[in-house]
Amino acid sequence: MNPASSNRSIAAWKPLALVSAIATLSFPVIAQTTTEHSLAPVTVSGSRFASGPESAPIGATVISAEQIREAGINNANEAIRKLGGIFGRQNLNGTSDYSLDLRGFGSASDQNVVIMVDGIRISENEGATALMSSIPVEAIERIEIVRGGSSVMYGEGATSGTIQIITKRGTAGKTSGSLVGVVGNREYREMRASLTKGWDNFYIDANVGSIKTDNYRDHNALRQDNFSGGLQWSYANGGRVGVRVDAGRQDSELAGSIATLARFYQNPRQSNSIRNASIDSDRYTLFTENRAGNWEFATDLSKRFKRANSGNQGAVPTIYNGEVTQFSPRVRHVFSSADLRNEVVFGADAINSSRRQSVGSLTSRDGSQDSRAIYVKDEVQSGKARVSVGARREHFDQTMIGTRAYDQSFALNAADLQGSYEITPLVNVFAKAGRSYRVANIDENSGSTKSGKPIKPQTSNDFELGSSLGNDHKKLTVKFFRHDLKNEIYYDRSIPSDATSGFGANTNLDPTQREGIELEARANLTAEFSLVAVLQHVSAKFTEGQYAGREMTLVPKNNATMRLNWVSGNGQSADVGVQWVDQQRYGGDFSNTCTARIPAFTTVDARYAIRSGSWEYALSGTNLTGKDYFSQAFGTCANNSSSIYPDPGRAVKLSARYDF
C-alpha cells in the first residue's frame, strides 16, 4: 500500500469526525413482511413509502439483519450474493464490491441494476461498481431485492431489477451499540463500532469501520475507512425530519489482469501491474416525511462528492472529481374500506451528475447529465386480487467536452402492469409486463465507436410469470421471465474505438434477449435448522443481426446457491453455504467461435459462532476448498484466454463482537 495514500486517508477523517457529530442516518418507518430465515416481520418499501405486507413488491426477496449476522457477513454486497443467491463477478480492482448480475447482463450488469440506500441512488453514472462496501453492516436493517424491469419507480438502469438497502432506526429510550474486531490470513484486520441512542422522539446514530488487508493477489493491498451517522426527529402524525452523512475512503493497489490461462494456473496470485488507486466519497442527505389524513408526503435531497484516482502505469495518474445531486419529492394517498384498498403514488426525480477537473487521460471526458422525471403508480387490492399500473416519463440532457464532445437531449417512457391472485392460502400466482430503459453513462459514451455520436438509449420489453407455493415456514417461488432488448449498450472487445483502437468499444448491439427461470426455496426444517436454495437458468442471446442466435458473453447459463443455518438454544450457531456457477463465454467471443470457456466453479463458505453473555466469538471461512477460479475475463478468439481477473482463494477469519 502506498504510505502517502494511507496518510491522506487518515488525515481526511479528522474533519469528517466533526461533521459526524451533527450528521444523521435516514431511517424508514417500520411496517411488515417476511424475512428469509427467521421469517419475522420487517418493513417493505416497494412504493418508495414504507408499507405493510399487503403492499410488498411482487416477487421480492428480503434479507434481514439477523441473517446477515448469522452468516458472518461483513458487507452488503456479500449478503446479496450469498443470502440473495445473486451471481457476482469480481470487479477489476479486486475489492469486495462485486458486480451483481441479476439477470444475465454480463459486463454491463452494473449499469442494468439500480442500487439505493434509503431511497437514494448510489449506482454510478459512470463505468464503476456501486460502493456498497462503504455501508457499515451494523447499520443495515434489511436488503430488498426486486428482480425484473423497475424503471417506472426508479428510472434508467433498472432493467434487471433494483436493490434497496434500508438502514436501522433507533428505539425510544434505548441506547445500544457494538464493537467488532476481525483478524484473518493475508494480514486481514478489521475494526467496526456502532452506537444508537434514542430519546422520546429524537434519535442519533454513528457507525465507523476500518479494513486493512494485503488481499489474495500480489500488489493488491486495500485500506478502507467508512463512516455513517446522523440524527432524526419524529413528531405528531407520523412525521419526521433528519439529516445523514455517509463517507468512505478507499486506497488500493491494482494488480491488473493475467494474460493467459496457462499463466493463471501457474500462479493465480501474480500481478502484471504496480499501480495505486483511491476513491474518496462523501454523501449528505436531508429527508422529511409528513402525514395528513390519508395523505403522506416525503422528500429526499442528497448531494454526493467523489474524487477518484484510478492510476496509470508509468504515466500521469487519472484523477477526476464527480458530483451527484438528487431531489425526490413524492406523495401517496391510501383509501381503504372493508373489501378494497387503493394506493396512488405520485412522484418526481431530479438528478444532476457531473465529472469535472479531470487530470491525465480523462481530460477529454468531462461531462454532465441532467435528468428530470415524473411518475405515477396506482395499485388496487380487492379480496384476494391485486393489480397495479404505473407510468414514467424522464427527460435527459447529456453533454461532454473535449475531443469526444457531444450535446444531446431526449426523453424516454416507462410503463408496467402487475397483478397477483391468491388461489388458496398456500398458492399465489403473479404476472408482470412493462417497459424499461437505460442510457449510456459518461464512460460508455467516451469509449464509443465514433466521436461526437453518443450511444443510443437502450429499451427493454419485460415480462414475468410466477407462483408462490407454501406458507411462512416452507415456501417455493417459481418465476419465468423474458427481456426483449433493442440497442442494448455493451462493451464489444472485437471492434475498435476512436480513442482506444485495438481494445474494443462501447456500442449499441443488434436486438438481444434474456429469458429463463428462477426458483427460490426457503424452509424452517426444525426449530434449529433452516434451508435456503436459489437456482437461476438464463438464456442470453442475439435475436437479430450478424450474431443472431449466438450467446451473449460473460453470462453463465446456470447458477445455484444453497445455505443451511443452525441456531441452537445454548448460544451456538453455524452457517454453511455452497455456490455453483456454470461456464461462461469469454468477453470477446461474440461470434461464439472460441472453443474455450471460462470454467464452471463451486465454492464453499462456513461460519461457527458461540455467544457468551454480551460477547460472540466466531470462526469463518470463504472458498474453503481453495479453488483457483475466475469470473471475469475479456479475451477474444485470437487469444480467448486473455485478460483474466482471478477471484480470491481461501480466506479464514476470527472475530470477536461485544454488544451493549
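This section describes the fold, nonpolar cores, cavities and selected loop residues of a predicted model.

The secondary structure of the protein comprises six helices and 33 strands. Of its 660 residues, 56% are classed as buried. Among contacts between residues at least 6 apart in sequence, 65% link residues that are at least 24 apart.

An open sheet is built from five strands, arranged in the order β1-β6-β7-β4-β5, with mixed pairing. The edge positions are taken by β1 (61-64) and β5, each of which has a single partner strand, so one side of each lacks a neighbour in the sheet. Strands β4 and β5 run antiparallel and are joined by two bridges. Met116 has Arg121, in β5, as its bridge partner.

The loop between β4 and β5 contains Asp118. The phi angle of Asp118 is positive, at about 50 degrees, although the residue is not a glycine. Asp118 has a relative accessible area of 9% and is therefore buried, the limit for this class being under 20%. A positive phi also occurs at Arg186, another residue other than glycine, where the value is near 60 degrees. Arg186 is located in the loop that connects β8 (175-184) with β9 (188-198).

The largest nonpolar core consists of 24 residues, and the members that touch the most others are Ile68, Met132, Ile143, Ile163 and Ile165. Two or more residues of this core come from each of α3 (76-82), β4, β6 (140-147) and β7 (161-167). Strands β4, β6 and β7 also belong to the five-stranded sheet. When neighbours within four places in sequence are set aside, the contacts of Ile68 are Ile63, Ile73, Ala79, Leu83, Val137, Ile140 and Ile143. Apart from the largest core lies another, of 21 residues, which includes Phe481, Phe542, Phe590 and Phe630.

The structure contains 15 cavities of 30 Å³ or more. The volume of the second largest cavity is about 430 Å³. Its lining is made up of 37 residues, and those nearest the centre of the cavity are Arg121, Ser123, Asn125, Glu156 and Ile351. Arg121 is the residue of β5 that is bridged to Met116. At least two lining residues are supplied by each of β4 (113-117), β5 (120-121), α4 (151-154), β14 (295-309), β15 (319-336), β16 (340-359), β17 (367-382) and β18 (385-400). Strands β4 and β5 thus contribute both to this lining and to the open sheet. By class, the lining comprises 14 charged, 12 polar and 11 nonpolar residues.

A further loop, between β10 (202-213) and β11 (222-235), contains His219. With a relative accessible area of 38%, His219 is partly exposed, because the value lies between the 20% and 50% limits of that class. Residues up to four places away in sequence not being counted, His219 touches Glu253, Leu254, Ala255, Ser271, Ser273 and Ile274. The C-alpha atom of His219 is separated by 9.2 Å from that of Gly256, a residue 37 places away along the chain.

Conventions: Residues numbered from 1 in each chain as written. Predicted model: local features only at pLDDT ≥ 70, side-chain atom pairs only at ≥ 80, totals over all residues. Heavy atoms only, no water. 1 Å grid on protein atoms, 1.4 Å probe; cavity = no way out; pocket = protein on both sides within 12 Å on 5 of 7 lines; lining within 4 Å. Points joined across faces, edges and corners; volume = space filled by probe spheres on them. Helix = DSSP H or I, 4+ residues; strand = E, 2+ residues; numbered from the N terminus. Nonpolar A, V, L, I, M, F, W, Y, C, P; charged D, E, K, R; others polar. Buried < 20%, exposed > 50% of the residue type's maximum accessible area, 1.4 Å probe, protein only. Core = buried A, V, L, I, M, F, W, Y, C linked by side-chain atoms within 4.5 Å. Contact = heavy atoms within 4.5 Å. Pairing = 2+ DSSP bridges.
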